[in-house]
Amino acid sequence: MIRYILLFLHGIIVITALNLDYLDPTKLQTRITPAVQQETALNIIRKYVQSNNVIVEVNPLLFNSNRDTFSLRTSQGQLRIRASTGIAALWGFNYYLKKYCKSHIGWQVKRISMPSTLPEVDETVTANDRFRYYQNVCTASYSFVWWTVDDWKNHVEWMALNGINLSLAPVAQEAAWTRIYKQIGMTQEEINEHFTGPAFLSWQRMGNLRGWGGPLFQSWHNRQRDIQIAVVDMMFKLGIVPVFPAFNGHVPKAFSRIYPKTTFYKVNSWNDFNTEYCCGLFLDPGEPLFKTIGTLFLKEVTVDSGSSHIYTADPFNEISISSWSTPLIQETAMSIFSTMTRTDENAVWLLQNWMFVHDPVLWPKNRVKAFLSSVPNGRMLILDLQSEQWPQYDFYEMYFGQPFIWNMLHNFGGTLGMFGSMDIINTDVYEARSQKNSTMIGIGLTPEGINQNYVVYDLMLESAWRKGPVRDLDAWVGEYAARRYGCNDTGVAWKYLRKSVYSFKGLNRIRGKYVINRRPSFRIRPWAWYSSRDLFKAFEKFVFVYNPYCYTEGYFHDLVDVTRQALQYRAEQLYSRVLIDRYSNNWVFNASINRFLDAMSDIEKILYASNDFSATQWLTKATDLGITNEEKYHYVLNARNQITLWGPNGEISDYASKQWRELFTYYYIPRWTTFLRAALDAKVNREIFDERSVQDIIKSEIEEQFVNQEIVTQQQSYLDITSTAIRLYKKWALLPNLDDLPLNIIERDLEMKTTWPDTVESDVTPGTDPTVLMWQSSTPN
């Protein structure tokens, strides 16, 4: 009882002052000497320009109010960059490339144009905030899982060029845990039953599931340790603060055997995973073992790389445990933090706010306050994970005095599809920064998966230095396209893209699960937040570009993407016709089915014109990772299952679906063809169509078999991209008698900054005739 009374009193302490002594970039970013940072930055710059054209000077005295600063000067044909850190120098170099040389460095494409005579510049830029953060805990599984050391180094270069100074580090967590588990007496069989496969490690680390897709092999541990040592070293040498994982309380089931007198709590099932793969144990935070295990883990994960003083732990991500109570979560917070400080007296806890957002019923405001207030002020840094749609900083009163970072999450599962909220990120981030008593100390990108919609990330990154919103976003997207393509011919097209796909302002869930890449059903309700006219005007302006200077890597990538997006919209319109025509005569229903499948086939055609929309790299990298046949089998299982069924029984089916060409050929089109032909056969034979039974057949004959499906791919030329896109525009742009998708947008309350995801309705109606719902009022239930 005394224990809980003390916790209660601790939780009601009022925090009045923001302490940033432990979040000082002038200390955190300068572990490595200025000379080393300077040379590391210059080595990267030399990849883009002749070494004698750019001079770099790194001097920590250039920090301005604890914020990175760079200055750019040209003199006698040379560019001189003076910067507070190595990443500030590279940030300044990329700033110069973008603003003065009209160049572009993105995730998938780059276009560098350095004139022989360098453009004149005399400019100094200071960051708006202390931090520019990057990564979601899920990005490691959805995008980085099969990466090599070189892949990681290239990405760290991109991070530095964009000024990112705080990021999750690639850490060999499971290698560290293996050493600990063996030390305390776990058998290899118990370890194998606990670890998931590589593609699902993000959720095993947070206690959501265990075992699925495993085991992990020693070759995996060795590879991840090599990556950690090389990449963390590079981050330190650039002045990037790497964030290390800390113990969050989740332990394998074998702990109950090894420590029979210790108190553990059962973790409730996540997303209906069965007992074989769910429901691990959560160690009572009051047990001495909690700090013992936590201390061992921190020492193990930092033994090769040293520490940065920033650690991440998410104890209750989308889960609850038995004996749930406010005192329990308070003690958990106190124990996690005290474990950090036992190892590192300067530790700061980086926390995603997603556990509060995901289940506000489980996390009422007073419980969140008790949790956050259990850690000293300024020793916890909150990631407001999806500020562009579901900001929480106002509701939680600036996190009750704890500092936070305003983030754009944008993408879930690494899905593809053109969408974004450009107007919101162009205004709200500046408003949050200027609010009275704001505890915002940074901006960040927190996508679950990368390699999509780069334009919104580019805009978001600029909020790190812009002093106010972009005045004319139409002009800005035109300039973005000119940098990316090397010509000005697509400016009008981009105005229509900004007006359509990048204009989302609602509260609806956007997860990239469109009709074409979902498990077939007659209960899906497609919707949109823009008119088809605007999208197809953008499509038109893209395909009829005849300037050869535009025919660059970025243009061809985006031409495929715009074509895919337009046909995706048409496919959803045609699906809506299928819902109606199934009640017409057999001939009409058959014709409607054929048109829908034809649209899917044409999406497949345009995707085959670009390697950027291929599963080949994802699957090949997974296969190459394996040394033995057993390892190759497990890695391919992981790679294929994650982007399809996501779980042994399709627990999160299509969540991480990708609009990749091979998936259309071997997965999406076969699913829809089987489903619709079965519906037509039932209609022709005057039989009742049993949707659930047909879905079960599709699951067993197509979805479950995909893991062993032989995949043959091919590459077309850039010439095929342009000719195919023009042909598809002519075929689909002026299709008559199709209504626009319903504008079922859940509007934001402009007076209410905080919004909640649990208010959003599903876009699938169980047990309801879709023809009734599809053509009702556009107001959602």
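The second largest pocket of this predicted model encloses about 950 Å³ of space. Its lining is built from 38 residues. Those nearest the centre of the pocket are Trp107, Gln108, Trp147, Asn451 and Gln617. Three helices each supply at least two residues of this lining: helix 6 (149-161), helix 23 and helix 25 (616-625). Helix 6 gives the most, with six residues. By class, the lining of the second largest pocket holds 15 nonpolar, 14 polar and nine charged residues.

Enclosed space was examined next. Rolling a probe the size of a water molecule over the atoms reveals where empty space is left. The structure contains five cavities of 30 Å³ or more. The largest cavity holds about 680 Å³ of space. A total of 44 residues line the largest cavity. Gln173, Glu174, Leu201, Ser202 and Arg205 lie nearest its centre. Several elements each contribute at least two residues to the lining of the largest cavity. Four of these elements are helices: helix 5 (139-142), helix 7 (173-184), helix 9 (201-205) and helix 10 (218-238). Strand 9 (241-245) and strand 10 (250-251) also contribute at least two residues each. The lining of the largest cavity divides into 27 nonpolar, 13 polar and four charged residues.

The loop between helix 9 and helix 10 contains Pro215. The peptide bond from Gly214 to Pro215 is cis. Its omega is near 10°. Both helices that flank this loop also supply residues to the lining of the largest cavity.

The second largest cavity holds about 140 Å³ of space. Its lining consists of 16 residues. Nearest the centre of the second largest cavity lie Asn453, Tyr454, Arg484, His557 and Asp558. Helix 19 (454-462), helix 20 (473-485) and helix 23 (553-581) each provide at least two lining residues. Helix 23 gives the most to this lining, with three residues. The classes here are eight nonpolar, five polar and three charged residues.

Helix 23 thus appears in two linings, that of the second largest cavity and that of the second largest pocket. How far should the 29 residues of helix 23 span, at 1.5 Å a residue? The expected span is 42 Å. The C-alpha atoms at the ends of helix 23 are 42 Å apart, which agrees with that value. Helix 23 is also mostly covered. Of its 29 residues, 26 are buried.

Single residues in loops were then considered. Asn353 sits in the loop between strand 14 (348-352) and helix 14 (354-358). Is Asn353 buried or exposed? Its relative accessibility is 1%. The cut-off for buried is under 20% relative accessible area. Asn353 therefore counts as buried. The side chains of Asn353 and Tyr399 are joined by a polar contact of 3.0 Å. Beyond its neighbours within four places in sequence, Asn353 is in contact with Ile382, Leu383, Asp384, Leu385, Gln392 and Tyr399.

Two other loop residues have a positive phi without being glycine. One is Gln76, with phi near 50°. Gln76 is placed in the loop between strand 2 (69-75) and strand 3 (78-83). The relative accessible area of Gln76 is 82%, so this residue is exposed. The other is Asn437, whose phi is about 60°. Asn437 lies in the loop between helix 18 (428-434) and strand 17 (440-445). With a relative accessible area of 63%, Asn437 is exposed. The cut-off for exposed is over 50%.

Lys730 belongs to a helix rather than a loop. Its place is in helix 29 (residues 718-732). Lys730 counts as exposed because its relative accessibility is 61%. Where does Lys730 stand with respect to Trp660? The two residues are 70 residues apart along the chain. Their C-alpha atoms are separated by 23 Å.

Definitions and conventions:
Residues are numbered from 1 along each chain as its sequence is written. This is a predicted model: local features need pLDDT of at least 70, side-chain atom pairs count only at pLDDT 80 or more; totals for chains, interfaces and linings use all residues. Side-chain values use heavy atoms; hydrogens and water are left out. On a 1 Å grid over the protein atoms alone, a cavity is a set of points where a 1.4 Å probe fits but cannot get out, and a pocket is an open set with protein on both sides within 12 Å along at least five of seven lines; lining residues have an atom within 4 Å of a point. Grid points are joined across faces, edges and corners, and a volume is the space filled by probe spheres set on the points. Helices (H or I, at least four residues) and strands (E, at least two) are DSSP runs, numbered from the N terminus. Ala, Val, Leu, Ile, Met, Phe, Trp, Tyr, Cys and Pro count as nonpolar, Asp, Glu, Lys and Arg as charged, and the others, Gly among them, as polar. The expected span of a helix is 1.5 Å times one less than its number of residues. Buried means under 20% relative accessible area, exposed over 50%, partly exposed in between (1.4 Å probe, protein chains only). A polar contact is a pair of N or O atoms within 3.5 Å; within protein, one must be able to donate a hydrogen and the other to accept it, and residues adjacent in sequence count only if both atoms are side-chain atoms. Contact means heavy atoms within 4.5 Å.
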